[in-house]
Amino acid sequence: MEREEVAVRHVMERYPATRTNLLEILHEIQRAEPRHYLSEASLQAVAEYLRMPLAEVMDAASFYSMYSLTPRGRHVVRVCVSPPCRLFGGEALLKALKERLGVEVGQTTADGAFTLETSSCLGACGNAPALMIDGELFDDVTDAKAAEIIYRVRREDATR
Amino acid sequence: MPRGKTDPKDSARIVLANCGAIDPESLDAAVAAGAYEGLRKVIAERIPPQAVVDEVTRSGLRGRGGAGFPTGKKWSLTAPGAVKYLVCNADEGEPGTFKDRLILEGDPHELVEGMILAGYAIGAREGFVYIRGEYTRSIERMTRAIDQARAAGFLGERILGSDFAFDVVVKRGAGAYVCGDETALIESIEGKRGFPRLKPPYPGQVGLWGHPTVVNNVETLANVPAIVRRGAAWFRSFGTPASPGTKVFLILGDVERPGAIEAEMGTPLRTIVEEYGGGVRGGRRFKGALIGGAAGAFVSEKQIDVAMDFDTPKAQAGAVLGSGSVLVLDEDASVPKLLDEVLEFFEHESCGQCTPCRAGTAQLVRILRRALTSERRGEDLDRLVALAQAMRDTSLCPLGQSPILPIESALRHFRDEFLTCAVPVGRL
């Protein structure tokens with residue numbers, strides 16, 4: 001617990017303690033947190049750092065889809081479900097990924113490796129379907145390509 | 001090189017001129033291709049800010065975010081004030097749209113220069129570029145370009161030895177379509193949830209932290225350096241009298257070559273689909289298209305010759321240019337299914353602040369699904385239109401005001417398909 005608090009403080013102190021930096025601070029805390037989420041303790045620390053009521057920090061943190069208030073896997077897979085992506089392979093891709101990972105949208109694999117999420121649009125519509133893993137975009141994603149990406153991430157984890 | 005570019009034989013290139021042609025991470029490459037020449041000219045010739053506003057006004061540049069508001073006028077309407085802000089809206093979330101990403105990734109210095117010139121013109125000392133959080137690479141490239149520009153003296157205090165000071169800060173969004181609305185975006189920069197503000201007052205009067213603020217789209221600002229460098233008359237040699245210049249079009253769906261193309265304003269839809277997009281995939285029949293994204297409108301094959309500028313689609317086809325996205329549908333595509341997905345998108349992205357949009361977007365999805373399985377489809381479809389009209393009239397921001405566009409146009413052109421289709425529509 002103590003080490004986490006130090007990590008959160010370390011992230012926050014890179015930014016001046018003004019409210020305009022709230023979103024950036026939340027992004028960076030979430031990235032540094034091994035389970036890629038915003039814990040109540042983190043949000044409390046942010047509220048103190050920015051001298052804001054916790055309720056207002058929660059108000060923002062709960063609004064934006066890229067923030068998670070519950071623990072996630074080591075990797076977050078976001079499949080684009082924008083209308084164009086869905087029509088051109090996104091629906092099939094999501095179904096295939098659910099089967100491959102054995103989870104529904106919003107769930108984390110039993111080994112804690114992947115959380116499956118959707119995104120309203122990743123801006124890769126010219127090369128649909130698309131998905132993003134930990135901020136890295138992949139487009140023209142076939143089932144085989146998705147399998148390869150998942151395999152690669154798992155292998156990188158194993159060698160770490 | 002940015003992905004998704006269709007063809008190098010574009011009819012006209014202004015904003016994408018360097019995309020794919022230069023190393024976007026190199027300031028030297030950008031400068032060799034003409035970056036910051038407009039800024040140098042303004043500083044060296046001591047061109048006053050009002051003259052920059054006048055030149056942009058004369059160019060006829062209109063906002064490329066979709067609304068088409070004259071940029072020079074927007075700059076002129078800014079209230080006087082000691083503190084003003086320039087905000088670049090790079091929260092590109094309209095489904096089917098990735099033009100701003102091509103600029104952010106392919107030629108970030110063009111945008112940085114556009115922001116500096118706009119800041120100079122309106123009298124701002126500080127600018128923000130609000131980039132959607134999903135655009136990881138855009139955020140990296142823009143951040144690097146700003147640091148390079150500052151180190152080279154194009155940003156910061158005493159720019160190029162003058163008394164002009166201006167700096168740009170990158171702000172990262174966190175996943176909210178509604179933040180594409182300029183007032184929601186301002187709230188987000190202030191560190192709050194992205195709830196749109198009631199207008200008026202407009203940001204030009206009361207914007208970021210209460211100060212006069214100009215919010216311009218990426219593609220709009222990316223046009224400014226060329227206008228300053230080469231003049232309004234040159235810019236007007238492209239496009240139409242009412243919509244001068246070029247537009248980045250995104251060609252998607254059932255076409256041979258999906259991607260992005262920069263073409264003159266007023267280019268016929270047919271040229272965009274057939275020449276730039278390579279025609280409908282597999283030589284099939286063009287059934288129609290969804291133009292302008294989710295907040296756009298459907299056109300049918302009868303409108304394939306419509307000129308794609310700000311005004312003609314509206315006047316001739318009841319459509320909108322919007323973001324420039326063209327989602328092509330072939331003869332087998334299901335308009336009811338696409339509309340269902342569009343309505344589900346709105347339901348998901350409604351921010352929940354105002355009741356007409358929060359409750360209305362959910363009802364639209366339900367009514368359409370019920371309509372497609374009911375005995376009295378016609379009545380339910382009419383109800384869908386009536387609700388969307390009420391939402392247009394009563395919602396706080398463009399999100400709730402927009403569903404009428406795809407709904408009304410889909411039913412105008414494809415009502416028979418809605419009355420007869422057997423397509424099961426359901427969630428993923």
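A nonpolar core is taken here as a set of buried Ala, Val, Leu, Ile, Met, Phe, Trp, Tyr and Cys residues joined through side-chain atoms within 4.5 Å. In this predicted model, the largest such core has 143 residues. The residues with the most contacts inside this core are A:Tyr64, B:Trp75, B:Ile116, B:Val129, B:Phe166 and B:Phe418. Helix 6 of chain B (residues 108–122) provides the largest share of the core, with nine residues. A second core, separate from the largest one, comprises 25 residues, among them B:Ile272, B:Ala289, B:Leu321 and B:Val328.

The surroundings of B:Trp75 were examined with residues up to four places away in sequence left out. On that basis, B:Trp75 touches B:Val52, B:Val53 and B:Val56, together with B:Ala118, B:Ala121 and B:Ile122. Further contacts of B:Trp75 are made with B:Val214, B:Asn216, B:Leu221 and B:Val224.

Helix 17 of chain B spans residues 404–420 and has a kink of about 90°, centred on B:Phe414. B:Phe414 is itself one of the buried residues of helix 17. The others are B:Ile404, B:Pro406, B:Ile407, B:Ser409, B:Ala410, B:Leu411, B:Glu417 and B:Phe418. Of these, B:Phe418 also belongs to the group with the most contacts inside the largest core. The cover over the buried residues of helix 17 includes two strands of chain B, strand 8 (286–291) and strand 9 (297–300). Helix 13 (335–349), helix 14 (355–371), helix 15 (377–394) and helix 16 (398–401) of chain B are also included in this cover.

Over all chains, the number of disulfides is zero, with a cut-off of 2.5 Å between cysteine sulfur atoms. For B:Cys19, the closest cysteine sulfur is that of B:Cys88, and no bond is possible because the two sulfurs are 14 Å apart. B:Cys19 counts as buried because its relative accessibility is 2%. The sulfur of B:Cys397 has its closest cysteine sulfur in B:Cys351, at 6.2 Å, which is likewise too far for a bond. B:Cys397 is buried as well, with a relative accessible area of 10%.

Chain A is divided into domain 1 (3–63) and domain 2 (75–158). The centres of domain 1 and domain 2 of chain A, taken over C-alpha atoms, are separated by 27 Å. A:Lys95 lies in helix 5 of chain A (residues 83–101). A:Lys95 is classed as exposed because its relative accessibility is 54%. Between A:Lys95 and A:Asp143, the C-alpha to C-alpha distance is 9.8 Å, with 48 residues separating the pair in sequence.

Notes:
Residues are numbered from 1 along each chain as its sequence is written. Chains are lettered from A and ligands numbered from 1 in the order in which they are written. This is a predicted model: local features need pLDDT of at least 70, side-chain atom pairs count only at pLDDT 80 or more; totals for chains, interfaces and linings use all residues. Side-chain values use heavy atoms; hydrogens and water are left out. Helices (H or I, at least four residues) and strands (E, at least two) are DSSP runs, numbered from the N terminus. Buried means under 20% relative accessible area, exposed over 50%, partly exposed in between (1.4 Å probe, protein chains only). Domain bounds come from an automatic or database domain assignment. Contact means heavy atoms within 4.5 Å. The bend at a residue is the angle between axes fitted to the seven residues ending there and the seven starting there.
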